[in-house]
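Visitor: I am new to this structure and should like to learn how to read its features. May we go through them one at a time?

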Amino acid sequence: MATFSGVWLPIITPFIDGEIDYAGYEKLIDHYLRAGVTGIIPLGTTGESPTIDEVEAETLVERTVAAVAGRVPVLVGVGANDTRKAVKAVKRLGRQSVQGILSVCPYYNRPSQDGMREHFTRIAEATDREILIYNIPYRTSVNLANDTLLRLAELPNIVGVKDSSGNLPQSLELLRWRPEGFAVMTGDDPFFYTMLAHGGDGGILASSHLNTELFLGVYERMTKNDHHGARSLWAKLETLVPLLFKDANPMPIKHCLWRQGLITSPECRLPLTRISQALAEELDVALS
């Protein structure tokens, strides 16, 4: 059985007038824990990690751990295209009570497969925490090949992947080839049902901020081999999920959470802004 499974939330970071709304953030965590998410991930792309400074990041992790209070595991997003910086960030997390690390492939400088293998090896050697690698070529411009990932899976604390390859054949091949216990968590939200149907372990899903109970229901029914029940629930999500990525994540999600009264403002930090009026109207209809 894989170490990681279920529906994990890469939680947004709420802002008011450019500053992190920590009180609102803690209320949001409590809301999703009550909804039943399997785990919480601060400082992911959905949490606008590129705009969070080092002091804010440390505070967010501390407040996440305090708000979660052991109810579910916490993974922390750690990403850098400088291996030295990534290793330093991982070592700083050593004093935090988190269960593991979600580490994205190096972005912008487009390393080779050997370069990515060495990058993640150095990160794994710098910590005893469990690591999920995050493969998202859409954002990084590099694709971690399955054979490279499977070599990394030989390291004892690299225990899984958030697979956002955007390439369904590659993802299905990974499910066939992976070693026993290696978790494949989809991060391609539209593929959630499909990946579960092929033996995936769950999802790390930005879209599960909305209609959380339906995502959890899809997962729970699939674990009980109730494909018909899972498919009927997934049908209720199929039109909403693509809308949430029609503009840059997390802008549409923040709009929806604001409309639902779960956050005070839909504000993102620049260079992200607010969604268009046309998309806002589409989302409002989809959620009504």
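Visitor: How closely do the axes of helix 12 and helix 13 come, and at what angle do they cross?

Guide: Two packed helices are described by the angle between their axes and the distance between those axes. In this predicted model, the axes of helix 12 (residues 251-259) and helix 13 (residues 277-287) come within 10 Å, with a crossing angle of roughly 55°. Helix 12 and helix 13 are therefore oblique to each other. The crossing of helix 12 with helix 13 is right-handed.

Visitor: Which residues make the contact of helix 12 with helix 13?

Guide: Helix 12 contributes Pro252, His255, Cys256 and Arg259, while helix 13 contributes Leu279, Ala280, Leu283, Asp284 and Leu287. Sorted by class, this contact of helix 12 with helix 13 has six nonpolar residues, one polar and two charged.

Visitor: How do the axes of helix 9 and helix 10 cross?

Guide: The axes of helix 9 (residues 212-223) and helix 10 (residues 227-234) come within 8 Å and cross at roughly 165°. Angles over 145 degrees count as roughly antiparallel, so helix 9 is roughly antiparallel to helix 10. The crossing of helix 9 and helix 10 is left-handed. On the side of helix 9, the contact is made by Leu214, Phe215, Gly217, Val218, Arg221 and Met222, and on the side of helix 10 by His227, Gly229, Ala230, Leu233 and Trp234. Seven nonpolar, three polar and one charged residues make up the contact of helix 9 with helix 10.

Visitor: Let us turn to empty space. How many cavities of 30 Å³ or more does a search of the whole structure find?

Guide: Rolling a probe the size of a water molecule over the atoms shows where empty space is left. Here, a search of the whole structure finds two cavities of 30 Å³ or more. The largest cavity has a volume of about 40 Å³. Its lining consists of Asn135, Leu144, Asn146, Leu149, Val161, Asp163, Gln170, Ser171 and Leu174. Helix 6 (146-152), strand 8 (158-163) and helix 7 (168-177) are the elements that give two or more residues to this lining. Helix 7 supplies the largest share of the lining, three residues. By class, the lining of the largest cavity has four nonpolar, four polar and one charged residues.

Visitor: Which residues line the second largest cavity?

Guide: Pro10, Ile41, Gly44, Thr45, Thr46, Leu102, Tyr134 and Lys162 line the second largest cavity, which has a volume of about 40 Å³. The residues of this second lining divide into four nonpolar, three polar and one charged.

Conventions: Residues are numbered from 1 along each chain as its sequence is written. This is a predicted model: local features need pLDDT of at least 70, side-chain atom pairs count only at pLDDT 80 or more; totals for chains, interfaces and linings use all residues. Side-chain values use heavy atoms; hydrogens and water are left out. Axes are lines fitted to C-alpha atoms, for helices over the stretch in contact, and angles run from 0 to 180 degrees between N-to-C directions. Helices (H or I, at least four residues) and strands (E, at least two) are DSSP runs, numbered from the N terminus. Angles under 35 degrees count as roughly parallel, over 145 as roughly antiparallel, 65 to 115 as roughly perpendicular and the rest as oblique. A crossing is left-handed if the near helix is turned anticlockwise from the far one by less than a right angle, and right-handed if clockwise. Contact means heavy atoms within 4.5 Å. Ala, Val, Leu, Ile, Met, Phe, Trp, Tyr, Cys and Pro count as nonpolar, Asp, Glu, Lys and Arg as charged, and the others, Gly among them, as polar. On a 1 Å grid over the protein atoms alone, a cavity is a set of points where a 1.4 Å probe fits but cannot get out, and a pocket is an open set with protein on both sides within 12 Å along at least five of seven lines; lining residues have an atom within 4 Å of a point. Grid points are joined across faces, edges and corners, and a volume is the space filled by probe spheres set on the points.
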